[in-house]
Amino acid sequence: TYVYDLPRLTEQATAAKAFPNALGLAVRHAVKASPNAAVLKVLRKAGLHIDASSGYEVRRAVQAGFDYDQISLSTQELPDFFPELVEKGLKVNACSLSQLEAYGVLFPGTEIGLRFNPGLGSGGTGKTNVGGPSSSFGVWHELLPEARAIVERHGLIADRIHTHIGSGSDPAVWMKTSGMSLDLCREFETVETLNLGGGYKVGRMSYEKSTDLQVVGSPMKDLLRKFA
């Protein structure tokens, strides 16, 4: 049995939406963190969007009332039914060169997001570190030329760059990789959105310290302002 504090969920959603930003902000809830339908509905009412890691998470979010265009899919393996989801408005981030090729064959000339591994990772534990050489998540940053070639071959429009280095990551490392992510954005003139994975530390015990979103967000706001 799980007990959820719904007012607290709304409070946390409001705090996340207040993350410092210079060019606009959409906050996404990772369904894998809590797929509970009641929780999803509360977060939808609070104005959050969705990050899904499987086709079934997409369907679960839709059942909770989210529109397809409010959902971003980043998955290790595209589901067989992903074309029907895309046709309904789902946003897809290609997480490998093979995924990018498959998407390009089916949907040439359309918009696509690219998830890169920027070469650096950080997580609360080794299991939650999803960046750097030991991680298989995302296109390795040195393969950017190959990714660009696939994009150009299929006439795709790379309008989103996505990186995620881990859950419970060190704020200093997250900030460094955010700058590296902006460098990736510079490689594609059509990019309009930088999707930065979160997983900020939330203190669960009295001796644990939560990440202050205002503190980690302010330097990022300055970086974005300079980038623009």
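In the predicted model, helix 1 passes helix 2 in a right-handed crossing. The two elements comprise residues 6-17 and residues 37-45, respectively, and their axes come within 9 Å and cross at roughly 45°. Two packed helices are described by the angle between their axes and the distance between the axes. Angles from 65 to 115 degrees count as roughly perpendicular and those under 35 degrees as roughly parallel, and helix 1 and helix 2 are therefore oblique to each other. On the side of helix 1 the contact is made by L6, L9, T10 and A13, whereas helix 2 contributes V39, V42 and L43. Classified by residue type, this contact of helix 1 with helix 2 has six nonpolar residues and one polar residue, and no charged residues take part.

The chain as a whole has eight helices and eight strands, and 42% of its 228 residues count as buried. Among the contacts between residues at least 6 apart in sequence, 57% join residues that are at least 24 apart.

Strand 2 (residues 49-52) and strand 3 (residues 71-74) run parallel and are joined by three bridges, with I50 standing opposite I71 of strand 3. Within strand 3, I71 and L73 point one way and S72 and S74 point the other way, yet all of these residues are buried. L73, which is found in strand 3, has a relative accessibility of 0% and therefore counts as buried. When its neighbours within four places in sequence are left aside, L73 is in contact with A52, S53, S54, G55 and V58, with L78 and P79, and with L90, K91, V92 and N93. The C-alpha atoms of L73 and V86, two residues that lie 13 residues apart in sequence, are 9.8 Å apart in space.

A further set of parallel pairings involves strand 7, which spans residues 157-163. Strand 5 (residues 111-117) pairs with strand 7 in the parallel sense over five bridges, and E111 has I157 of strand 7 as its bridge partner. Strand 7 is also joined to strand 8 (residues 193-196) by four bridges, and these two strands likewise run parallel; here T163 stands opposite L196 of strand 8. Strand 7 thus takes part in pairings with both strand 5 and strand 8. Six of the seven residues of strand 7 are buried, so this strand is largely enclosed by the rest of the structure.

Toward the other end of the numbering, K221 has its place in helix 8, which covers residues 213-227. The relative accessibility of K221 is 28%, and because the partly exposed class lies between the cut-offs of 20% and 50%, K221 counts as partly exposed. With residues up to four places away in sequence not counted, K221 touches P20, N21 and A22. The C-alpha atoms of K221 and L23 are separated by 8.4 Å, although these two residues are 198 residues apart along the chain.

Terms used: Residues numbered from 1 in each chain as written. Predicted model: local features only at pLDDT ≥ 70, side-chain atom pairs only at ≥ 80, totals over all residues. Heavy atoms only, no water. Axes fitted to C-alpha atoms, helices over the stretch in contact; angles between N-to-C directions. Parallel < 35°, antiparallel > 145°, perpendicular 65-115°, else oblique. Left-handed = near helix turned anticlockwise from the far one by under 90°. Contact = heavy atoms within 4.5 Å. Nonpolar A, V, L, I, M, F, W, Y, C, P; charged D, E, K, R; others polar. Buried < 20%, exposed > 50% of the residue type's maximum accessible area, 1.4 Å probe, protein only. Pairing = 2+ DSSP bridges.
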